[in-house]
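Colleague: I would like to learn how to read a few features of this model. Could you take me through them one by one?

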Amino acid sequence: MAQEEYTHIFNRSVNDPENFWLEQAANIKWFQRPVQALSKDEDGFYRWFKGGKLNTSYLALDAHIEEGRGDQVALIYDSPVTQSTKKFTYNELRDQVSRLAGGMKRLGVEKGDTVIIYMPMIPQAVVSMLACARLGAVHSVVFGGFAPHELAIRIDDAKPKAIITATSGIEFDRILPYKPMVDEAVQLAEHKPEHVIVYNRRLGAIRPDAENDIDYATLMKIAEPTRCTEVDATDPLYILYTSGTTGKPKGIIRDNGGHAVAMHFSMKYVYGIHPREVFWAASDVGWVVGHSYIVYAPLIYGCPTVLFEGKPVKTPDASTFWRVISDHDVRVMFTAPTAIRAIKKEDPNGEFIKQFNMDGLKYLFLAGERCDVSTLEWAKEHLNVPVIDHWWQTESGWPIVANMMGLEQHFDIKPGSATKPVSGYNVQVLRQDGSRCDPNEEGYVAIKLPLPPGTLPNLWGDTERFYHGYLKTFDGYYFSGDGGYIDEDGYVFITGRVDDIINVAGHRLSTAEMEEVVDKHPDVAECCVVGIEDDLKGQIPLALTVLKAGSEVEHFQLQTEIVNDVRKEIGPVASLKRVLVAKRLPKTRSGKILRKIIRAIADGKEYKMPSTIDDPEILNEIKELFEEEKIGSFS
Ligand code: COA
Ligand code: AMP
């Protein structure tokens with residue numbers, strides 16, 4: 001039965017995407033309905049709903065108000081770090097959004113302009129995103145854990161007319177001044193935004209004033225509320241930078257029309273939630289999960305959404321998630337496996353869970369990194385609800401493989417698998433030559449084109465990279481960058497990235513980017529950074545260096561300097577803590593560093609000695625080094 005219902009909807013979505021998605025598009029309120037679902041743009045890339053006119057902020061707010069829901073709760077801000085909670089109705093949120101949009105308009109921000117948002121998890125971040133959407137301006141939210149240098153790279157790429165920030169963020173019990181970081185980034189960047197709008201949190205953080213600063217509260221006071229600007233379905237809603245395999249991050253574009261349709265569809269069919277039920281994604285607005293499932297999907301679908309400013313532990317303790325679920329009657333929750341691992345470490349027997357009434361909770365969804373079986377089992381046992389591992393990426397914007405809880409029947413879970421491809425995603429596992437793998441044969445995970453609505457149509461200002469990075473590898477397919485296999489029952493297993501991207505505490509990072517920083521150290525002749533397994537964060541980066549001839553730098557000093565360099569250039573979120581000095585790095589005869597084997601040695605996994613290895617003895621040296629330094633499986 002599960003199979004029949006799933007197969008019917010899935011087959012329609014991939015065999016007749018035009019009609020399937022046009023029907024889904026009817027579920028949102030367009031200013032002008034699209035008459036055609038799929039088309040191609042001037043570069044030959046697929047686009048969705050061209051000609052349809054809409055506004056995403058209208059769908060998130062005004063549409064519900066027009067239906068008489070203005071006094072119902074839209075946003076629940078729960079902030080254990082400031083010990084406060086505040087609820088916003090659709091009316092209240094719309095008023096703030098339209099006022100900020102009016103203020104930005106006054107500053108000259110127009111449809112098509114870009115705006116960078118660098119903010120902590122406060123309601124003003126959501127208001128800023130929706131205000132941009134209201135104007136048809138393109139926002140780019142940058143995660144607060146990135147350093148000024150990273151922010152500067154994004155400023156130069158997105159060329160924002162304005163930046164919106166706040167005076168400070170709070171990490172556990174530390175106040176982090178954001179404004180000085182924005183000032184430094186603006187100084188580093190070649191592009192200079194015309195305005196920096198600063199929300200003053202009044203937490204006592206340093207708050208230097210610059211000439212083009214605008215106080216958020218003052219702007220709100222003088223601004224006139226503004227109406228929604230009509231945009232085309234294919235106009236960009238946002239750019240979200242994500243790590244690629246080079247030092248330069250990629251600007252993933254999200255359009256308005258396809259995104260809205262996909263957000264609505266996923267809430268109903270993947271997350272199995274009903275409008276008016278509370279949805280909570282415990283992520284950050286700086287990541288794709290935050291864009292899709294803190295802000296846009298719940299609001300568009302009409303679910304109150306929780307904006308949580310805290311951590312799974314220590315804010316104040318490992319009970320905080322369960323307290324939030326109970327206090328706000330959360331029906332569906334989404335978090336990263338890391339968060340559950342952090343809680344499990346503090347409360348292995350789930351004692352805190354027993355203190356709260358969580359009868360309303362229907363499902364816990366996990367994503368952002370590979371979900372280990374023990375974490376999944378622990379959550380299932382202690383929460384007593386289905387725990388759904390689902391796989392997706394910044395690029396897709398919504399789940400690619402998941403047990404679709406909105407269908408009447410669900411599949412049995414196979415631990416290690418995110419279950420089956422979601423409607424619209426024709427997922428295949430391919431060999432290097434492009435042929436399809438047999439069941440259970442590991443290969444490259446790719447998706448047959450066209451990708452469904454809501455997925456990336458291109459990269460911001462880099463069509464070449466879009467084509468080369470995603471479309472060229474396998475003709476007619478989007479290549480995900482992940483490896484995996486599909487078993488005989490059609491279950492998809494994702495085994496991990498096949499490129500230089502790692503996932504640290506659910507945060508996607510590029511080892512190539514870290515290598516660029518390590519390489520700059522004056523004592524380093526060559527280096528590599530690999531992601532090794534970690535009990536809490538899933539993966540953590542490890543740097544291996546070879547020193548320049550004659551260098552006499554002490555190991556501890558080198559490590560401290562490089563760790564600081566990476567924090568300064570990329571940000572604390574990179575979590576690089578260990579730097580080792582090796583005599584040599586293992587390479588192929590053509591000079592390629594054997595990163596996969598280094599990783600396998602650290603993780604205590606088996607590996608095949610490549611026939612192309614330059615000198616197999618180096619692997620023993622690396623193993624001895626790891627033993628000596630107590631790295632990974634040797635700790
Ligand atoms: N602003 C500024 N700094 C930030 C930040 C932010 N938004 N987020 C993280 N950082 C900093 C942290 O303070 C930490 O700095 P430190 O080295 O000075 O202590 C560093 O970046 C690393 O952070 P993190 O990897 O998160 O480690 P942690 O030890 O602070 O917390 C967990 C560990 C498991 C509690 C935390 O990673 C977590 O909650 N993970 C859930 C992941 C998640 O929600 N992912 C989103 C994708 S779904
Ligand atoms: P991001 O773009 O930050 O969402 O990271 C996407 C990457 O995280 C994917 O390409 C995978 O490598 C990994 N990932 C996300 N969810 C899962 C999952 N459920 N299982 C395995 N890997 C995952």
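Colleague: Let me begin with helix packing: is the crossing in which α5 passes α10 right-handed or left-handed?

Modeller: Please keep in mind that this is a predicted model. As for your pair, α5 passes α10 in a right-handed crossing. The two helices, α5 at residues 123-135 and α10 at residues 288-301, pack at an angle of about 60°, and their axes are 11 Å apart. Angles of 65 to 115 degrees count as roughly perpendicular and those under 35 as roughly parallel, so α5 and α10 are oblique to each other.

Colleague: Which residues of α5 and α10 make the contact?

Modeller: On the α5 side they are V126, M129, L130 and A133, and on the α10 side H291, V295, Y296 and L299. Sorted by class, this contact of α5 with α10 has 7 nonpolar residues, 1 polar residue and no charged ones.

Colleague: And at what angle do the axes of α3 and α10 cross?

Modeller: The axes of α3 (residues 56-69) and α10 cross at roughly 45° and come within 8 Å. That angle makes α3 oblique to α10. The crossing of α3 and α10 is left-handed. From α3, the contact is made by T56, L59, A60 and H64; from α10, by Y296, L299, I300 and Y301. By class, there are 6 nonpolar, 2 polar and no charged residues in the contact of α3 with α10. If you look back at the contact with α5, you will find Y296 and L299 of α10 there, and Y296 and L299 appear in the contact with α3 as well.

Colleague: Now the ligands. How many residues surround ligand 1, and which are the closest?

Modeller: A good way to start is with the surrounding residues, and then to look at individual polar atoms. Ligand 1 is surrounded by 26 residues, the closest being E171, R174, P312, K537 and R567. K537 places a polar side-chain atom 2.9 Å from an oxygen atom of ligand 1. The backbone takes part in the picture too: a backbone N or O atom of G145 is 3.4 Å from a nitrogen atom of ligand 1, and a polar backbone atom of A282 is 3.4 Å from an oxygen atom of ligand 1.

Colleague: Which residues come nearest to ligand 2?

Modeller: They are D389, H390, T394, D482 and R508, out of 14 residues around ligand 2. For D389, an N or O atom of the side chain lies 2.8 Å from a nitrogen atom of ligand 2. R508 has a polar side-chain atom 2.6 Å from an oxygen atom of ligand 2. With N503, a polar side-chain atom is 3.0 Å from an oxygen atom of ligand 2.

Colleague: Last topic: the backbone. Which peptide bonds ending at P316 and P450 are cis?

Modeller: The general idea comes before the cases. Most peptide bonds are trans, and most residues other than glycine have a negative phi. Here the bond from T315 to P316 is cis, with omega near 0°, and P316 lies in the loop between β17 (305-308) and α11 (320-328). L449 and P450 are also joined by a cis peptide bond, with omega about 0°. You will find P450 in the loop between β22 (443-448) and α14 (463-471).

Colleague: And where is R202 found?

Modeller: R202 sits in the loop between β11 (195-199) and β12 (213-215). Although R202 is not a glycine, its phi is positive, at about 55°.

Notes:
Residues numbered from 1 in each chain as written. Chains lettered and ligands numbered in written order. Predicted model: local features only at pLDDT ≥ 70, side-chain atom pairs only at ≥ 80, totals over all residues. Heavy atoms only, no water. Axes fitted to C-alpha atoms, helices over the stretch in contact; angles between N-to-C directions. Helix = DSSP H or I, 4+ residues; strand = E, 2+ residues; numbered from the N terminus. Parallel < 35°, antiparallel > 145°, perpendicular 65-115°, else oblique. Left-handed = near helix turned anticlockwise from the far one by under 90°. Contact = heavy atoms within 4.5 Å. Nonpolar A, V, L, I, M, F, W, Y, C, P; charged D, E, K, R; others polar. Near = heavy atom within 4 Å. Polar contact = N/O pair within 3.5 Å; in protein donor to acceptor, adjacent residues only side chain to side chain.
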